[in-house]
Amino acid sequence: MYVWPCAVVLAQYLWFHRRSLPGKAILEIGAGVSLPGILAAKCGAEVILSDSSELPHCLEVCRQSCQMNNLPQLQVVGLTWGHVSWDLLALPPQDIILASDVFFEPEDFEDILTTIYFLMYKNPKVQLWSTYQVRSADWSLEALLYKWDMKCVHIPLESFDADKEDIAESALPGRHTVEMLVISFAKDSL
């Protein structure tokens, strides 16, 4: 299984904060191979993994990752961004939502933030820890974050010992810089 650089950077951020993870309720959205979620579970967090309910193969990849890492007890749920489903409604309030490279296609940004907003409404203190690969200077979350009454803090990779040269930049042609964000409700919402 291939692990994307964004997942590695997010896992490194989790490892840096590993002492605060035991007992935390964590949901990984768009989990894929689930590296960040698996690491959080290994650090003592109560983790739920999710990927698209419309892509059963992705959910199977999550389950395989759990099996390969001796974590068969982790719950894997199908969530489709922007859709209210029974699985979404049944989720308990989370402390942290993990998202590695889910901000890939601009047409999905609002659906992702709709789902995040619903989860934040259940627990206004929840934070979204997200990494994304910079693909275009024309793509921005800022207007949507404002619309959904969320704020964003950019986390410098150096602040948690991420080696930008080795982890956050790909050897593929073009620019493949990874950014780390922490998104939460704006203070006025609380």
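This is a short walk through the structure, from its overall layout to its largest pocket and a few single residues. The model is predicted.

Start with the whole chain. The protein has six helices and seven strands. Read along the sequence, they follow the pattern α-β-α-β-α-β-α-β-α-β-α-β-β. Helix and strand take turns until the end, where two strands come in succession. The protein counts 190 residues, and 47% of them are buried. Now take the contacts between residues at least 6 apart in sequence. Of these, 75% join residues at least 24 apart.

Next comes the sheet. Its seven strands form an open sheet with mixed pairing. The order across it is β3-β2-β1-β4-β5-β7-β6. At the edges stand β3, residues 75-78, and β6, residues 150-155. Each of these two pairs on one side only. From one strand to the next, the twist averages 25 degrees.

Look inside the sheet at β1 and β4. In the strand order, β1 stands between β2 and β4. Strand β4 covers residues 96-100, and its pairing with β1 is parallel, over four bridges. Here Ile26 stands opposite Ile96 of β4.

Helices lie against these strands. α2 lies across β1, β2 and β4. Its direction makes about 165 degrees with that of β2. α5 also packs on the sheet. This helix touches β1, β4, β5, β6 and β7. The angle between α5 and β7 is about 45 degrees. Both α2 and α5 therefore touch β1 and β4, given that contact means heavy atoms within 4.5 Å.

Where is the largest pocket lined? Four elements each supply at least two residues of its lining: β1 (25-29), α2 (35-42), β2 (46-51) and α5 (106-122). The pocket has a volume of about 650 Å³. In all, 29 residues line it, and the closest to its centre are Gly30, Asp51, Trp81, Asp101 and Val102. By class, the lining holds 15 nonpolar, seven polar and seven charged residues.

Asp101 deserves a second look. This residue belongs to the loop between β4 and α5. Is Asp101 buried or exposed? With a relative accessible area of 15%, Asp101 counts as buried, because the cut-off is under 20%. Its backbone also stands out. Most residues other than glycine have a negative phi. Phi of Asp101, however, is positive, near 55 degrees.

Asp149 makes a useful pair with Asp101. Phi of Asp149 is positive too, near 60 degrees. Asp149 sits in the loop between α6, residues 142-147, and β6. Its relative accessible area is 31%, so Asp149 is partly exposed. Asp101, by contrast, is buried.

Finish with Ser34. This serine lies in the loop between β1 and α2. Its relative accessible area is 0%, so Ser34 is buried. Which residues does Ser34 contact, leaving aside neighbours within four places in sequence? They are Glu28, Leu49, Cys62 and Ser65. One of these, Glu28, falls within the span of β1, residues 25-29. Another, Leu49, falls within β2, residues 46-51. Both β1 and β2 also help line the largest pocket.

Definitions and conventions: Residues numbered from 1 in each chain as written. Predicted model: local features only at pLDDT ≥ 70, side-chain atom pairs only at ≥ 80, totals over all residues. Heavy atoms only, no water. 1 Å grid on protein atoms, 1.4 Å probe; cavity = no way out; pocket = protein on both sides within 12 Å on 5 of 7 lines; lining within 4 Å. Points joined across faces, edges and corners; volume = space filled by probe spheres on them. Nonpolar A, V, L, I, M, F, W, Y, C, P; charged D, E, K, R; others polar. Pairing = 2+ DSSP bridges. Axes fitted to C-alpha atoms, helices over the stretch in contact; angles between N-to-C directions. Buried < 20%, exposed > 50% of the residue type's maximum accessible area, 1.4 Å probe, protein only.
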